[in-house]
Amino acid sequence: VRDFDTVTYRNNIIAHSAIASLFSIPIVLTTSAETGPNGLLPKEISSMYPDAPFIRRNGEVDAWDNADFRAAVRAQNKSQIILAGITTDVCTEFLALSLRAEGYTVFANTEASGTFTEKLAVDANDRMKDGGVILQGTFAIVMDLMRDWRNTPGSLQVLPWLDTYLPAYGYVARGHEAAVQNGTLLPGEEGL
């Protein structure tokens, strides 16, 4: 992956993977040729879901071309799929467009899919968008799933999750907490 720096990308894929736990969403894990050039699924992800279906494909590039993967997805009995992959222009795009062709509503996490260049990412995202795939980042996906801070999961569950996986928003919530606890504004803060 070259369209993200390594640390950001690693954090993004782990955050993406943790969304399913937060919202109790069924998950299907898959790899293509893990004993070959593509390698293993990161252990930070596979260890989150030790009991999830894990389809180790034998080389199919488009996961939908694998009968076991198709069966595992269909067994979840869901019409909406959230996905990400390496690379954006192959693993994410091919599967997203195959799922759309099957009638699924597909959300591709653009922050948790990476590729070799920004141009490849833009081109792949354009093709997916043209194919009816909903392109969103992690925060938008989480907010779309939560819908209302008063829900469960809502602020009580989502804010600590954001503090862990999306620190930029976590710091906003921490700043609000500090202001409420402190109860005072410094000169120049009022009206910001």
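In which kind of crossing, left-handed or right-handed, does H7 pass H8? The tour comes to that pair of helices after a look at the whole chain, which is a predicted model.

**The whole chain**

Begin with the complete protein chain shown as a cartoon, in which there are eight helices and five strands. Following the chain along its sequence, you should meet these elements in the pattern α-β-α-β-α-β-α-β-α-β-α-α-α. If you turn the C-alpha trace onto its principal axes, its spans come to about 60 × 35 × 30 Å.

**H7 and H8**

Now select H7, residues 155-165, together with helix H8, residues 167-182. The axes of these two helices come within 6 Å and cross at roughly 125 degrees, which makes H7 oblique to H8. The opening question is settled here, for H7 passes H8 in a left-handed crossing. To see the contact, show the side chains of Leu159, Leu162, Asp163, Thr164 and Tyr165 on H7, and those of Pro167, Tyr169, Gly170, Tyr171, Ala173 and Arg174 on H8. Coloured by class, the residues of this contact divide into seven nonpolar, two polar and two charged.

**H1 and H7**

Keep H7 selected and add H1, residues 6-23. The axes of H1 and H7 come within 11 Å and cross at roughly 165 degrees, and the two helices are therefore roughly antiparallel to each other. The crossing in which H1 passes H7 is right-handed. On the H1 side the contact is made by Ile14, Ala15, Ala18, Ile19, Leu22 and Phe23, and on the H7 side by Gln157, Val158, Trp161 and Tyr165. Nine residues of the contact of H1 with H7 are nonpolar and one is polar, while none is charged.

**H4 and H5**

Next, select H4, residues 88-101, and helix H5, residues 118-130. Their axes come within 10 Å and cross at roughly 5 degrees, so H4 is roughly parallel to H5. H4 brings Thr88, Asp89, Thr92, Glu93, Ala96 and Leu97 to the contact, and H5 brings Leu120, Ala121, Ala124, Asn125, Arg127 and Met128. By class, the contact of H4 with H5 has six nonpolar, three polar and three charged residues.

**The largest pocket**

Switch to a surface view and centre it on His16, Val28, Ile82, Leu83 and Ala84, which of the 49 lining residues lie nearest the centre of the largest pocket. The volume of this pocket is about 1400 Å³. Helix H1, strand E1 (29-32), helix H3 (67-75), strand E3 (80-83), helix H4 and helix H6 (138-146) are the elements that give two or more residues to its lining. H1 supplies the largest share, six residues. Sorted by class, the lining has 32 nonpolar, 13 polar and four charged residues.

**Three backbone details**

Most residues other than glycine have a negative phi, and most peptide bonds are trans. Select Ser24, in the loop between H1 and E1, where phi is near 55 degrees, a positive value in a residue other than glycine. Then move to Thr87, in the loop between E3 and H4, and look at the peptide bond from Ile86 to Thr87, which is cis, with omega near 10 degrees. Finish at Pro153, in the loop between H6 and H7, which a cis peptide bond with omega of about -5 degrees joins to Thr152.

Definitions and conventions
Residues numbered from 1 in each chain as written. Predicted model: local features only at pLDDT ≥ 70, side-chain atom pairs only at ≥ 80, totals over all residues. Heavy atoms only, no water. 1 Å grid on protein atoms, 1.4 Å probe; cavity = no way out; pocket = protein on both sides within 12 Å on 5 of 7 lines; lining within 4 Å. Points joined across faces, edges and corners; volume = space filled by probe spheres on them. Helix = DSSP H or I, 4+ residues; strand = E, 2+ residues; numbered from the N terminus. Nonpolar A, V, L, I, M, F, W, Y, C, P; charged D, E, K, R; others polar. Axes fitted to C-alpha atoms, helices over the stretch in contact; angles between N-to-C directions. Parallel < 35°, antiparallel > 145°, perpendicular 65-115°, else oblique. Contact = heavy atoms within 4.5 Å. Left-handed = near helix turned anticlockwise from the far one by under 90°.
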